[in-house]
Amino acid sequence: PSSTHCKRAQCSPPSALYLVVAQQHHCRALTAQTPEFQRTARMRRVAIALLALLGGAEAFVAPQPTSAPLTVVAGRNDKRTKKGKVYAGSNGKSRPRKPGGEKGPVDPYLTLREWGARQDPAMSVEEVVAAKMADKRKVEITLEDIMDAVTPF
C-alpha cells in the first residue's frame, strides 16, 4: 500500500491500523503460494503489528517535508538592517560606529569651571555657584521705590 490513501491535501495520513489491515488483506490473497512464502508473510504481519503497537502511526508514514517558515523581516524590527540598527540604537556591520571612539563621561560643570578660570582672580566651581546664586538673590531697589515706601500718601 502507498503511504497516503487519499490525494487531497486536507486528508490525514493513514493510521497504523489501516496499514496493518491492508497488509493482512494482501497476505490473505497470497494463500495459494508456497508454505515458506506464507510463513514469511506471517512474520511480516507480526512485525508490522508490533511496530504499530510500539511506534505508533509515525513509523509507517513518511515524514512530510517541512519547509522553513517564510518570514520576511525588514524595517525597524530587523536589527540586521541600518533602519533596525538606528531603531534599536545599536551598531554593527550595516551601521558601524563613527570614527573617534569613546570620549569618556561628560563633565557637567565644564562651563562653570571654564567661566571661573576666566575671572580675574580664578574661581573654583563652588565659588562660581555661590556667586551666581548671590546674583539671583539680589534685589535692585531704586530711589523712587524707597520714596514710595516711605511716603504715606
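1. The side chains of K138 and D135 meet in a salt bridge, with 3.8 Å from N to O, where the term stands for a side-chain nitrogen of Lys or Arg within 4 Å of a carboxyl oxygen of Asp or Glu. K138 is exposed, with a relative accessible area of 61%, whereas D135 is partly exposed at 48%; here buried means under 20% relative accessible area, exposed means over 50%, and partly exposed lies in between, for a 1.4 Å probe and protein chains only.

2. Please keep in mind that this is a predicted model, in which local features need pLDDT of at least 70 and side-chain atom pairs count only at pLDDT 80 or more, while totals for chains, interfaces and linings use all residues. Residues are numbered from 1 along each chain as its sequence is written, and side-chain values use heavy atoms, with hydrogens and water left out.

3. How many salt bridges does the structure hold? The structure holds three salt bridges, and as general background, side chains of opposite charge can pair when their charged atoms come close.

4. Another of these pairs joins D78 to R80 through their side chains, with 3.0 Å from N to O. Is D78 buried or exposed? D78 is buried, its relative accessible area being 6%, while its partner R80 is exposed, with a relative accessible area of 63%.

5. D107 forms a salt bridge with R113, and the closest N and O atoms of this pair are 3.2 Å apart. D107 is partly exposed, with a relative accessible area of 31%, and R113 is likewise partly exposed, with a value of 41%.
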